[in-house]
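Me: I have a structure open and would like to talk through why its features carry the labels they do. Could you go through it with me?

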Amino acid sequence: MHTYKEKSFLIKTLSILIAFYPVSFILGNLIINLNTLLIIIIGISVFKLDIFKIDTKILRYLIPFFFFAVIFSTVLNYLNNLNNITEINLYKDNVIKSFLYLRYFLLFLIVNKLTSLNLLEIKYLFYISGALCFFLGLDLIVQNIHGKNLFGLVSPHDRKLSGFFGDEIIAGGYLQNFSFFAILCFPLIFKNYNKKQFFLYLIISIMFFLGCIMISGNRVPLFLFVGSVIVLFLIEKELRKKFAIFILIFTLFAGSIYASDSKVKNNVNNLFFWSNEILTNSYKVLSSNINYESRSFHLRNFKYGIHVWQQNKWLGSGLRSLRQNCKNELRFMQKAGFILCNNHPHNYYIEILADTGLVGFISVMVLFLFSLINFFIFYLKNSNLKIEKKIAYLAPFLIFCAQIFPIKSSGSFFSTSNATLIFLVFALVSNANFYKKKI
């Protein structure tokens, strides 16, 4: 670590840029990409070729292999369609995008190097995320009560709130992604506190964000947030003892919002309805070669994603394969009862299968499972540590689990916002054992 002392300013700048991501996600993809580009430029100037030195062998080999699989599948798909004059520019664009996707590989390497050397000041990420999440929550409450948010913006959707995101209905997803930095930041802000104060803050902040996500109308983020909170209480020994109290408070609080707000009631009912539709009919729809009626928009997309994967099971059809195949297979779309041509199947794992085949899918699954198993082994070994000593890696872990949860509808795995968040928290979770010295 001493070799980087003369570059302490640049290293601190990297920590600030990483902490700036919650702001970038509000400002849009252009700012996210500029933020990532700055991290890559400064990270390479600081660490140079050392960023490629990963201590864990599985990560060292499988992560570059996955990115190579993305490029190889896309280039192969391009070469196989050179005679398709009408679509050749789209195929060419996808090849360029596959190479640009390497920026997330570099992002992972730089965050991995920072954390493995114990150089990342993760507290900045907690501060900025916490402040923005609490402000967004307040903004949603004001919009729910008055019809307009703090900036006078009206939500474009009848049953959902957007807050300061304006026309984009993503407020609930933003809170689900970043609120755990706010929920677990108490020990960073208040040094002299007792366990009761920390637990009281934990309960209040969880209920605050639960209520805000409920009124936002975003159903999947609500499901993932509740699941993440339950995981937090079950894996942490100090909180496990209070699980019964938490469930009681949670039930009373969520029930009161559900009963008092007709929009919330409608959204929660729809969540249960569509979840039941996917769970009960998924096997029939995905395994059938003929049209099986399903009211679930996502389930129909899942089915077409499986269909695209079956055409190139091992290597996939390259980036954005669903969009291209959908245009070329309108007859299948009509026969199978599909309505729209989408850029992705609304599920990370089906998309990875369709775009990179079993080769890419298996590599991703091994990477994710290895990191989770490695994390739990480390967590069990340090189970006697106080929870305030674990918050730095607990928050990224909960976000990571929600991101890679397999049975959910989602955006594209290869989109700017999703890929950035996934590989950022992936690098943090993969190096959890280096945090205990930092906080």
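**Patches, pairs and confidence**

Reply: Gladly! This is a predicted model. On its surface, Ile58, Phe65, Phe68, Phe72, Trp314, Leu315, Ile362 and Val366 make up a nonpolar patch, and together they have about 740 Å² of accessible area. Helix H4 (57-79) and helix H18 (348-381) are the elements that contribute two or more residues, with H4 giving the largest share, 4 residues.

Me: Why is Val366 called partly exposed?

Reply: Val366 is in helix H18, and its relative accessibility is 35%. Buried requires under 20% and exposed requires over 50%, so at 35% Val366 counts as partly exposed. Patch members need over 30%, so Val366 meets that cut-off too.

Me: What makes the patch with Lys237 one of positive charge?

Reply: Its members are Lys12, Lys123, Lys191, Lys195, Lys237, Arg240, Lys241, Lys386 and Lys389. Lys and Arg count as positive, so the patch they form on the surface is one of positive charge. Lys237 itself is found in helix H12 (residues 237-240). With 34% relative accessibility, Lys237 is partly exposed.

Me: How do you know that Lys53 forms a salt bridge with Asp50?

Reply: Their closest N and O atoms are 3.1 Å apart. The cut-off is 4 Å, so the pair qualifies as a salt bridge. Lys53 counts as exposed at 55% relative accessibility, because exposed means over 50%. Asp50, at 25%, is partly exposed. A search of the whole structure finds 2 salt bridges.

Me: What makes Glu236 and Lys390 a pair that ties parts together?

Reply: Glu236 forms a salt bridge with Lys390, with the closest N and O atoms 3.1 Å apart. Glu236 sits in the loop between helix H11 (219-235) and H12, while Lys390 sits in the loop between H18 and helix H19 (391-404), so the salt bridge connects parts that are 154 residues apart in sequence.

Me: And why are Glu236 and Lys390 called buried?

Reply: Glu236 has a relative accessible area of 0%, and Lys390 has 1%. Buried means under 20%, so both residues count as buried.

Me: Where is confidence lowest, and where is it highest?

Reply: The lowest is in helix H17 (residues 330-336), at a mean of 51, and the highest is in helix H2 (residues 21-27), at 98. For the protein, the mean pLDDT is 88, and 91% of its residues reach 70 or more. Where pLDDT is low, the predicted coordinates should not be read in detail.

Notes. Residues are numbered from 1 along each chain as its sequence is written. This is a predicted model: local features need pLDDT of at least 70, side-chain atom pairs count only at pLDDT 80 or more; totals for chains, interfaces and linings use all residues. Side-chain values use heavy atoms; hydrogens and water are left out. Patches are made of residues with over 30% relative accessible area and no salt bridge: like charges are joined within 9 Å, nonpolar side chains (Val, Leu, Ile, Met, Phe, Trp, Tyr) within 5 Å. Accessible areas come from the Shrake-Rupley method with a 1.4 Å probe; for residues, only the protein chains shown count as cover. A salt bridge is a side-chain nitrogen of Lys or Arg within 4 Å of a carboxyl oxygen of Asp or Glu. The place of a charge is taken as NZ of Lys, CZ of Arg, CG of Asp or CD of Glu. Buried means under 20% relative accessible area, exposed over 50%, partly exposed in between (1.4 Å probe, protein chains only). pLDDT is the predictor's confidence in each residue, from 0 to 100.
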